[in-house]
Amino acid sequence: MSKLQPARGTRDIFGDEARSMTAVVETFRKVATTYGFEEMATPIFEFTEVFKRPLGEASDVVSKEMYTFEDRGGEEITLRPEFTAGVCRAFISNGLQQHLPCRLMSWGPVFRYERPQKGRYRQFHQINAELLGPETPEFDVDMIALAWSLLKALGLGDKVVLNLNTLGDIESRMAYRDALVSYFEGFKDKLSEDSVRRLTTNPLRILDSKDEGDKLLVANAPLLSEHLNDHSRQFFETVCKGLDAVGVPYEHNERLVRGLDYYTHTAFEFITTELGAQGTVLAGGRYDGLIEKLGGPKVAGIGWAGGIERLAMLSNIVTDAERSIVLVPMGEAGTLKAFTVADDLRTAGHVVTADRSGNLGKRLTRAAKANARYAIIIGDDDVAAGTAMLKDLDSGEQSSVAFDALVAAVKA
Ligand code: ATP
Ligand code: MG
């Protein structure tokens, strides 16, 4: 029988990788807390409409990547392909507009039907931050500064570059859309099939095309910056000035468009050259119409998501497992005594396991192999005498220590 494998694009996460992914999440929570963020956990699945409406039928995510199914009650359900739509749904469902601005952080698994490769999976994990409130460019600065602080805390400050762009407000985008369509209409016979379709569904997405022929045409396409109205231009200038003030370096990338329909004004991606084609580690933008599109109040928002697998891979923070204390009870009284010794040591914050099988030598070898810090040998005679044998596995020294002095002894 062949080995039982997980489903395509899914993986089991353990050992070093599990520890570094946890470290990414913990660093995120710590840093985001200092920016006033609070935890929001939304369900892993939602009614399909929650994603379909805001992301747009023409987006890659909705048209090709969603895990959608009918449940036993006949409801149309989708496994979340991103956090923003679900968090905004939760914002509306719970009447949180009474508490603006809302700063919400989340993390967990995300599902997209993609072609799996290194750094690209069908179940992956994201950290996510959303700031819901009035449409002010200073919030965009706060959000990007938060991302930058996190990346620095992960030791990635000089491994990533911030690509920044503005998509303008709806009016500017409409004007630009028209300019793009009339430009690309002239090259319809040279455009890829996908991009011909995008001409009617979402022309901005052509700028993002991976097709080599399309890329040549995109190089001479009109620029969005030429179609920004005053409001959009000022908005972007304020964001740039704020970033200069906080000291976040960025590159203005006029070709940066994001894949989802709901973005307006600020769009950004932190990109690394170290992960090949999977170079975007954290990305986001402003989505002023999204909450209304979901049927909520007129509240603007800006957010971003980071891929935990990619961040963990890049940052290489292999946090070593904490070194343990191994109890080695010999005999019946020793075995019972070991339970209370373990309890005392754990209460003091130590990692404690007991090894109860094999002879003494075997157990000590096993403890050393597992990189344990101490072994504590508890024989029946020891129990009678009120002491244990504490063995320092680094120095090899051992000494007899009274039970009630053990906690202090391992600390020293
Ligand atoms: P890409 O261009 O790589 O497909 P995306 O634009 O689809 O990324 P977003 O929707 O912005 O990605 O998601 C935010 C982050 O989540 C990405 O920057 C990336 O780090 C991570 N991510 C996205 N898709 C995957 C995936 N299939 N597997 C692992 N990580 C992913
Ligand atoms: Mg994608």
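Let me begin with a definition, since one of the figures that follows depends on it: two residues are in contact when heavy atoms of theirs lie within 4.5 Å. What we have in front of us is a predicted model, and with that definition in hand, among its contacts between residues at least 6 apart in sequence, 70% join residues at least 24 apart.

I will go on with the overall form. The protein has 15 helices and 16 strands, and its radius of gyration is 28 Å, well over the 22 Å that the globule rule gives for 412 residues, so the protein is more spread out than a compact globule. Measures along the principal axes can be put beside that: the C-alpha trace spans about 90 × 55 × 45 Å. The division into domains gives domain 1, made of residues 15-169 together with 229-314, and domain 2, which covers 325-411; the centres of the two, taken over C-alpha atoms, are separated by 48 Å. As for burial, 49% of the 412 residues are buried, while the accessible surface of the protein comes to about 20100 Å², with 52% of that area belonging to carbon and sulfur atoms.

Now to the aromatic residues, where a search of the whole structure finds 6 pairs. In one of them, Y67 and Y113, the ring centres are 5.8 Å apart and the planes stand at 70 degrees, and because planes over 60 degrees apart count as edge-to-face, this pair is assigned to that class. The two tyrosines come from distant parts of the chain, 46 residues apart, with Y67 in strand β3, residues 67-70, and Y113 in the loop between β5 (102-111) and β6 (123-133). How exposed is each of these two rings' residues, Y67 and Y113? Y67 is partly exposed at a relative accessible area of 26%, and Y113 is also partly exposed, with a value of 45%. Y113 has a further partner, since the charged end of R122 sits over its ring, 3.9 Å from the centre.

A second edge-to-face pair is formed by F268 and F270, at 6.4 Å centre to centre and with 80 degrees between the planes. Both F268 and F270 are buried, and ring pairs link these two phenylalanines with W148 into a cluster. Elsewhere, another charge over a ring is found at F403, where K337 lies over the face, at 4.6 Å from the ring centre.

I would like to finish with the backbone, and with three places that deserve a look on the screen. Where does the cis peptide bond fall? It runs from L100 to P101, with omega near -10 degrees, and P101 itself is placed in the loop between α4 (84-93) and β5.

The other two places are residues that have a positive phi although they are not glycines. H265, with a phi of about 50 degrees, belongs to strand β9, residues 264-271, and its relative accessible area of 1% is under the 20% cut-off, so H265 counts as buried. N371, with a phi of about 65 degrees, lies in the loop between α13 (360-369) and β14 (374-379), and at 43% relative accessibility N371 counts as partly exposed.

Methods. Residues numbered from 1 in each chain as written. Chains lettered and ligands numbered in written order. Predicted model: local features only at pLDDT ≥ 70, side-chain atom pairs only at ≥ 80, totals over all residues. Heavy atoms only, no water. Phe/Tyr/Trp six-rings, centres within 6.5 Å; stacked < 30°, edge-to-face > 60°. Helix = DSSP H or I, 4+ residues; strand = E, 2+ residues; numbered from the N terminus. Buried < 20%, exposed > 50% of the residue type's maximum accessible area, 1.4 Å probe, protein only. Lys NZ or Arg CZ within 6 Å of the ring centre and 35° of its normal. Domains from an automatic or database assignment. Rg over C-alpha atoms; globule rule 2.2 N^0.38 Å. Areas by Shrake-Rupley, 256 points an atom, 1.4 Å probe, with all protein chains shown as cover.
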